[in-house]
Amino acid sequence: MLNLNLGCGAETIDRPGWVNVDLEPRKPGVVKGDCYALEYADDSADIVVTSHVLEHLDVPKALAEWKRVLKPGGECLTVVPDADHEKEWIRYHLEEAHARGDGEAHHHKADLTQASLEDALRAAGFVDVAPVSTMDRWELPGKAWWQAAASGRKAVAPCA
């Protein structure tokens, strides 16, 4: 079983079968990897999880790569701030990052809403995209409130 926690930062999933991946590993055991060019074979991962990563990336490019590594029947769960409901939080988060001097690392390339994330997932070829509570199905680190999940090769989104 191969489960990928992409762009994990310091929020690792430390259970059997999980590989924590980050472009700049900050914790022992985290594998250096690029969300656009994963060093895993096609159809090799059972689960791909990201939390507060996709909004920093080229959405179609990242989703295409994540779908590539997922097995048929695999699941992708991606948690992002919902721009429809989290505008004030996003603004505050970015102001705080700039005040710390790491604002560029927190820059959002995409302001995703529930609808736009679901559309992006469908456009990337994910199926059965529907909102679900991560609290019911996943034990994830970080802020993983509500998202969308799917079946077949699956996908996910935010929902506040």
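In the predicted model, five strands form an open sheet in the order β3-β2-β1-β4-β5, with parallel pairing. The edges of this sheet are β3 (31–32) and β5 (70–79), each of which pairs on one side only. The protein as a whole has 4 helices and 7 strands, which follow one another along the sequence in the pattern β-β-β-β-α-β-α-α-β-α-β. Of its 160 residues, 49% count as buried. Among contacts between residues at least 6 apart in sequence, 61% join residues at least 24 apart.

Within the sheet, strand β1 (residues 3–6) is joined to strand β4 (residues 45–51) by 4 bridges, and the two run parallel. In this pairing, asparagine 5 stands opposite valine 49 of β4. Another 4 bridges join β1 to β2, again in the parallel sense; here asparagine 3 has tryptophan 18 of β2 as its bridge partner. The pairing of β2 with β3 is parallel and extends over 2 bridges, with valine 21 partnered by valine 31 in β3. Of the 5 residues of β2, 4 are buried, so this strand is largely enclosed by the rest of the structure.

Asparagine 20 is located in β2 (residues 18–22). With a relative accessible area of 6%, asparagine 20 falls under the 20% limit and is therefore classed as buried. The side chain of asparagine 20 makes a polar contact of 2.9 Å with the side chain of asparagine 5. A polar atom of the asparagine 20 side chain also lies 2.9 Å from the backbone nitrogen of isoleucine 13. Leaving out residues up to four places away in sequence, asparagine 20 touches Asn5, Cys8, Thr12, Ile13, Asp14, Gly29, Val30 and Val31.

One of these contacts, cysteine 8, belongs to the loop between β1 and β2. Cysteine 8 is likewise buried, with a relative accessible area of 6%. Besides Asn20, cysteine 8 touches Val21, Asp22 and Val30, when residues up to four places away in sequence are not counted. Cysteine 8 and valine 49 are 41 residues apart along the chain, and their C-alpha atoms are separated by 8.9 Å.

Helix α1 (residues 59–69) lies across β1, β4 and β5, and runs at about 140 degrees to β5. At the start of this helix, a side-chain oxygen of aspartate 58 reaches to within 3.0 Å of the backbone nitrogen of lysine 61. The buried residues of α1 are Val59, Ala62, Leu63, Glu65, Trp66, Lys67 and Val69. These residues pack against β1, β4 and β5, and also against α3 (114–123).

In α3, the buried positions are Gln114, Leu117, Glu118, Ala120 and Leu121. Viewed down the axis of α3, these residues fall within an arc of 160 degrees, and so they line one face of the helix. Just after α3, glycine 125 adopts a positive phi of about 100 degrees.

The largest nonpolar core contains 25 residues, of which Leu4, Leu6, Val48, Leu54, Leu63 and Trp66 touch the most other members. At least two residues of this core come from each of β1, β4, α1, β5 and α3. The helix α1 gives the most to the core, with 5 residues. Leucine 4 is in contact with Trp18, Val19, Val21, Tyr40, Ala45, Ile47, Val48, Val49 and Val69, neighbours within four places in sequence being left aside. Apart from the largest core lies another, of 5 residues, among them Ile13, Trp18, Ile47 and Val49. Several residues described above recur in this second core: Ile13 offers its backbone nitrogen to the side chain of asparagine 20 at 2.9 Å, Trp18 is the bridge partner of asparagine 3, and Val49 stands opposite asparagine 5.

Notes:
Residues are numbered from 1 along each chain as its sequence is written. This is a predicted model: local features need pLDDT of at least 70, side-chain atom pairs count only at pLDDT 80 or more; totals for chains, interfaces and linings use all residues. Side-chain values use heavy atoms; hydrogens and water are left out. Buried means under 20% relative accessible area, exposed over 50%, partly exposed in between (1.4 Å probe, protein chains only). A polar contact is a pair of N or O atoms within 3.5 Å; within protein, one must be able to donate a hydrogen and the other to accept it, and residues adjacent in sequence count only if both atoms are side-chain atoms. Contact means heavy atoms within 4.5 Å. Two strands pair if DSSP finds at least two bridges between them. Axes are lines fitted to C-alpha atoms, for helices over the stretch in contact, and angles run from 0 to 180 degrees between N-to-C directions. The arc is that of the directions from the helix axis to the C-beta atoms. A nonpolar core is a set of buried Ala, Val, Leu, Ile, Met, Phe, Trp, Tyr and Cys residues joined through side-chain atoms within 4.5 Å.
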